[in-house]
Amino acid sequence: MTIVPMQERHLDALAELERLCFVHPWTREGLAAELESDTALFLAAEDEAGEAVGYVGSHVVCGECYIDNVAVHPRCRGQGVASAVLTELIRRVRAQNGVFLTLEVRESNVPARRLYGKLGFSEAGRRRGFYSDPKEDALLLTLTLAD
């Protein structure tokens with residue numbers, strides 16, 4: 001697996017991945033717009049054939065990284081894809097002298113919460129009723145980057 005910055009060639013696969021993984025998916029057009037954003041930091045995980053099988057999307061402003069989405073193709077889950085894209089994101093934010101990374105995760109998403117915990121994220125708060133379909137609280141997780 002290779003982790004690379006999201007490129008136009010990834011857009012169709014990532015839009016399909018969004019449809020497979022989320023009730024309210026990002027569109028291809030929405031993903032494409034991020035290619036032009038100065039604050040966007042989107043990374044794609046490519047398999048041996050060069051197919052995008054996962055990604056992380058984030059925005060970095062003044063050293064603060066907000067993670068919008070982490071998605072892995074269902075057939076590739078449990079193979080370290082999410083860990084790989086997040087580890088590379090953390091490395092890149094740290095290299096840019098980032099201060100912290102933060103994200104929301106469904107309270108019921110135990111596998112994701114376990115992964116974030118292994119990567120050093122800790123609970124910083126709760127957003128009541130943040131998610132819909134089904135309605136659920138989000139846990140706000142943060143990873144502070146030490147010098």
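**View A. Where β4 meets β5.** In this predicted model, β4 and β5 run parallel and are held together by 3 bridges. One contact to look for starts at Cys-65, whose bridge partner in β5 is Leu-101. On the β3 side, Cys-65 stands opposite Val-60, so this view is a handy place to see β4 in the middle of things, with β3 and β5 as its neighbours in the strand order.

**View B. The β3-β4 hairpin.** Strands β3 (residues 52-61) and β4 (residues 64-72) run antiparallel, with 8 bridges joining them. Besides the Val-60 and Cys-65 pairing, you can pick out His-59 standing opposite Tyr-66 in β4. The two strands make a hairpin, with 2 residues between them. Which residue in the turn has a positive phi? That's Cys-62, at about 55°, even though Cys-62 is not a glycine. If you're hunting for Cys-62 on screen, go to the loop between β3 and β4.

**View C. The whole sheet.** Step back and you'll find 7 strands in an open sheet with mixed pairing, ordered β1-β2-β3-β4-β5-β7-β6. Which strands stand at the edges? They are β1 (2-5) and β6 (122-131); each has a single partner strand, so one side of each is left without a neighbour in the sheet. On average, neighbouring strands are turned by 25° against each other, direction ignored.

**View D. Helices on the sheet.** Helix α1 (residues 11-21) lies across β3 and β4, and runs at about 95° to β3. Helix α3 (residues 81-95) also packs on the sheet, touching β1, β2 (40-46), β3, β4, β5 (100-106) and β7 (136-144). Compare the direction of α3 with that of β2 and you get about 145°.

**View E. The largest pocket.** Its volume is about 1,000 Å³. Of the 34 lining residues, Phe-22, Val-70, Asn-109, Ala-112 and Tyr-116 are the closest to the pocket's centre. Which element gives the most to the lining? It's β4, with 7 residues. At least two residues each come from α1, β4, α3, β5, α4 (110-118) and β6. Sorted by chemistry, the lining holds 19 nonpolar, 9 polar and 6 charged residues.

**View F. A stacked aromatic pair.** The structure holds 4 aromatic pairs, and the one in this close-up is Phe-42 with Tyr-55. The rings are stacked, sitting 6.1 Å apart centre to centre with 20° between the planes. This pair links distant parts of the chain: Phe-42 belongs to strand β2 and Tyr-55 to strand β3, 13 residues apart.

**View G. A cis peptide bond.** Zoom in on Asp-133 and Pro-134, which are joined by a cis peptide bond with omega at about 0°. Where does Pro-134 sit? Its place is in the loop between β6 and β7. Those two strands stand next to each other in the sheet order, and β6 is one of the edge strands from View C.

Note on methods. Residues are numbered from 1 along each chain as its sequence is written. This is a predicted model: local features need pLDDT of at least 70, side-chain atom pairs count only at pLDDT 80 or more; totals for chains, interfaces and linings use all residues. Side-chain values use heavy atoms; hydrogens and water are left out. Two strands pair if DSSP finds at least two bridges between them. Helices (H or I, at least four residues) and strands (E, at least two) are DSSP runs, numbered from the N terminus. Axes are lines fitted to C-alpha atoms, for helices over the stretch in contact, and angles run from 0 to 180 degrees between N-to-C directions. Contact means heavy atoms within 4.5 Å. On a 1 Å grid over the protein atoms alone, a cavity is a set of points where a 1.4 Å probe fits but cannot get out, and a pocket is an open set with protein on both sides within 12 Å along at least five of seven lines; lining residues have an atom within 4 Å of a point. Grid points are joined across faces, edges and corners, and a volume is the space filled by probe spheres set on the points. Ala, Val, Leu, Ile, Met, Phe, Trp, Tyr, Cys and Pro count as nonpolar, Asp, Glu, Lys and Arg as charged, and the others, Gly among them, as polar. Rings of Phe, Tyr and Trp (its six-membered ring) pair if their centres lie within 6.5 Å; planes under 30 degrees apart count as stacked, over 60 as edge-to-face and the rest as tilted.
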